[in-house]
Amino acid sequence: MKNYLNIIRKIDLLKDYIKIDEIKMGNPERIKIKVTTNKKEFFVKIIQDTLDENYIDKMTWLYKQYKKLDINFAKLIDIYVFADKKISVLVFDYIKGKTLSLLKMDNLEYERYGIKVANYSLKLKSIPIKNKDTLNIEQLTYDYIKKIRNLKNELTKLELIDENTINLIEEKLIKLSNTIKNDKPHYIHGDVKTDNFIIDENKELCITDIDYILPSYYFLDVRWIILKAVLSEECNERYFLRGFLKTIYKDEPVDNFENKMLYVILINLISSSEEYLEDKNKLLMYYDNIINIIENKNHFIYKLLFEF
């Protein structure tokens, strides 16, 4: 996506820019930039490999649904699709402030923000699911089993894992998928983590990355934060996650909660293995606790999240 400047120059709203700052965070296929013109500042997201011909209609509909819910979020100004390049561009108002990940707060304050984000997320339940385009847990499980098999040689060479453990992961994923596949889907934010929530100049919590919203399951909403929160010694993400999860799953039996968290940790572990194959130290942090995670003895995950 090195040529995103050519895309910006094709958009009337942005073409007379005086400054562009790239925001280095998140999915590399979703470039985030701040575009400054003589009139105002914009937050722009450039999304690669957009193949859905109904993308603009889908995003416009979702944006309208979001506006009805009394949630403070980044205002979407316009959407552009460049079909020949398979690229979509979303233009938002730029929010002046800091993400939760950059703020210095005590742990309980992080937990309170996790609770607030969860209450926003619960409002998304009221958005009607227009079609049957929900995530298939069985297919997702199969996809990740295929990924871990493809990674087997690289992971065993690095002495991070043996074939027996890979087999255990496969068996566990299948077993867990059978216990959670009957959950009722609804709209979720899609990427709950402290990078995606901003405290603006008025000290109000503002949600970003609303383009991730999709019909899915709450336990998949935390897939990009939970592995770090469980295995890292840093507490900020863990307290934020604790606030979020204890609000979403306050009436959930512990065993059911464990199954969902274990499932999402395992698929995240496999995704991280793909991403960090060149960073053995990073992978070691993840794989050091893999047996504990797979066997999940004595509610291992629940204790890490709620009894630390």
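Is Phe219 buried or exposed, and what is its relative accessible area? In this predicted model, Phe219 has a relative accessible area of 0%, so it counts as buried. The paragraphs below begin with confidence and then move through the helices, the aromatic rings and the charged pairs.

The chain has a mean pLDDT of 83, and 89% of its residues reach 70 or more. Confidence is highest in helix H3, with a mean of 93, and lowest in helix H12 (residues 300-306), where the mean is 68. Contacts that involve H12 are therefore best read with that mean of 68 in view.Two helices illustrate how the backbone geometry compares with expectation. Helix H2 (residues 55-67) has 13 residues, which should span 18 Å at 1.5 Å a residue, and its end C-alpha atoms are indeed 18 Å apart. Helix H9 (residues 254-275) has 22 residues and reaches 31 Å from its first C-alpha to its last, close to the 32 Å expected.

The buried residues of H2 include Tyr55, Met59, Trp61 and Leu62, along with Tyr63, Gln65 and Tyr66. Residues three or four places apart in an α-helix point the same way, because there are 3.6 residues a turn. The buried residues of H2 pack against a set of strands: E3 (41-48), E4 (76-82), E5 (87-93), E7 and E9 (205-207). Two of the buried tyrosines of H2, Tyr63 and Tyr66, also take part in an aromatic cluster, in which ring pairs link them with Phe73.

H9 is mostly covered, with 16 of its 22 residues buried. Glu258 lies in this helix and is buried, since its relative accessible area is 2%. The C-alpha atom of Glu258 is separated by 6.6 Å from that of Ile301, although the two residues are 43 places apart along the chain.

The structure holds eight aromatic pairs. One of them joins Phe219 and Tyr263, whose ring centres are 6.3 Å apart and whose planes meet at 90°, so the pair is edge-to-face. Phe219 belongs to helix H6 (residues 218-221) and Tyr263 to helix H9, so that this pair links distant parts of the chain, 44 residues apart. Both partners are shielded: Phe219 has a relative accessible area of 0%, and Tyr263 is buried at 0% as well. A further edge-to-face pair is formed by Tyr249 and Phe257, with ring centres 5.7 Å apart and planes at 70°. Tyr249 is buried, with a relative accessible area of 10%, and Phe257 is buried at 4%. A ring can also face a charge: the charged end of Lys147 sits over the ring of Tyr144, 4.5 Å from its centre.

Turning to the charged side chains, a search of the whole structure finds twelve salt bridges. In one of these, Glu111 pairs with Arg242, and the closest N and O atoms are 3.1 Å apart. The pair links distant parts of the chain, with Glu111 in helix H3 (residues 107-123) and Arg242 in helix H8, 131 residues apart. Glu111 and Arg242 are both buried. Lys246 joins these two residues in a network of salt bridges.

Asp183 forms a salt bridge with Lys260, and here the closest N and O atoms are 2.9 Å apart. Asp183 lies in the loop between helix H5 (163-180) and strand E7 (186-188), whereas Lys260 is in helix H9, so the pair ties together parts that are 77 residues apart in sequence. The two partners differ in exposure: Asp183 is partly exposed, at 24% relative accessibility, while Lys260 is buried, at 6%. Another salt bridge joins the side chains of Asp191 and Lys193, at 3.8 Å from N to O; Asp191 and Lys193 are both buried.

Helix H8 (residues 236-248) also contains Glu237. Which residues does Glu237 touch, not counting those up to four places away in sequence? They are Thr194, Ile225, Lys228 and Ala229. With a relative accessible area of 11%, Glu237 falls under the 20% cut-off and is therefore buried.

Notes: Residues numbered from 1 in each chain as written. Predicted model: local features only at pLDDT ≥ 70, side-chain atom pairs only at ≥ 80, totals over all residues. Heavy atoms only, no water. Helix = DSSP H or I, 4+ residues; strand = E, 2+ residues; numbered from the N terminus. Buried < 20%, exposed > 50% of the residue type's maximum accessible area, 1.4 Å probe, protein only. Contact = heavy atoms within 4.5 Å. Expected span 1.5 Å × (residues − 1). Phe/Tyr/Trp six-rings, centres within 6.5 Å; stacked < 30°, edge-to-face > 60°. Lys NZ or Arg CZ within 6 Å of the ring centre and 35° of its normal. Salt bridge = Lys/Arg side-chain N within 4 Å of Asp/Glu carboxyl O. pLDDT = per-residue confidence, 0-100.
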